[in-house]
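Here are three short exercises to work through with the model open beside you. Try each one yourself before reading the solution.

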Amino acid sequence: MSIKICIAGLTASGKTTLGNALEKELGIEHINPSYKDTEKTTDELLNFLEHIKPKYIKSFDQKIIKLAKGKDCIISTWHGPWIIKDATIRVWLDVSEKERARRWAKAHNIGIKKAREIVHMKDELTKRQFRIAYKKDMDMSVFDLYINYEKITMLEAVAIISMLALARSKAQK
């Protein structure tokens, strides 16, 4: 019985928070490396994203693939659903830009207008990275489940994803 859950969503959609909650619920490792880990400020991160090379993107993604190989885990990264070929379930968190800006503003103690600019720029740069590295757009048809994360609570999302992942892993037997 194998469980591999990939969670994706735009900037500040709640990927890491949901991944942490699923880790607690299911008792399996949460893998969530991020470019944010290498840059200290938002400006540094945006500059990094603007100048990132395809080779670095693919190398970063290969590290994620290696971290997830041969084990039950939750992967909450931008590219996870497209690069993890043996995922049990792929989840997209749908959250409006307005709400994501509110979350970013609160987390980084900045105004909503500035947060909205940052969220929008980060989203566009990340989509562009994927296109440059993989020579295609992000194909949304890979997702098994879309969650409106403004209407569904984290507790509800954890229950839905856990039940589906467990059912699918049992069906693999």
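**Exercise 1.** Work out how the axes of helix H5 (residues 97–108) and helix H6 (residues 112–134) cross in this predicted model.

*Solution.* Start with the axes: those of H5 and H6 come within 8 Å and cross at roughly 115 degrees. Angles of 65 to 115 degrees count as roughly perpendicular, so H5 and H6 are roughly perpendicular to each other. Next, take the handedness: the crossing of H5 past H6 is right-handed. Finally, look at who meets whom. Residues of H5 including Arg 100, Ala 101 and Trp 104 meet residues of H6, among them Ala 115, Val 119 and Asp 123. Sorted by class, this contact has seven nonpolar, seven charged and one polar residue.

**Exercise 2.** Place His 79 and decide whether it is buried or exposed.

*Solution.* First, find His 79 in the loop between strand S3 (73–76) and H4. Its relative accessible area is 3%; buried means under 20%, so His 79 is buried. Then turn to its partners: the side chains of His 79 and Asp 61 are joined by a polar contact of 2.8 Å. Beyond four places in sequence, His 79 also touches Ile 57, Thr 126, Gln 129, Phe 130, Tyr 134 and Met 138.

**Exercise 3.** Find which residues Pro 81 contacts, leaving aside neighbours within four places in sequence.

*Solution.* Locate Pro 81 in helix H4 (residues 80–83). With 2% relative accessibility, Pro 81 counts as buried. Its contacts are Cys 6, Ala 8, Arg 90, Val 142 and Phe 143. For Phe 143, compare sequence with space: Pro 81 and Phe 143 are 62 residues apart in sequence, with their C-alpha atoms 7.5 Å apart.

Note on methods: Residues numbered from 1 in each chain as written. Predicted model: local features only at pLDDT ≥ 70, side-chain atom pairs only at ≥ 80, totals over all residues. Heavy atoms only, no water. Helix = DSSP H or I, 4+ residues; strand = E, 2+ residues; numbered from the N terminus. Buried < 20%, exposed > 50% of the residue type's maximum accessible area, 1.4 Å probe, protein only. Contact = heavy atoms within 4.5 Å. Polar contact = N/O pair within 3.5 Å; in protein donor to acceptor, adjacent residues only side chain to side chain. Axes fitted to C-alpha atoms, helices over the stretch in contact; angles between N-to-C directions. Parallel < 35°, antiparallel > 145°, perpendicular 65-115°, else oblique. Left-handed = near helix turned anticlockwise from the far one by under 90°. Nonpolar A, V, L, I, M, F, W, Y, C, P; charged D, E, K, R; others polar.
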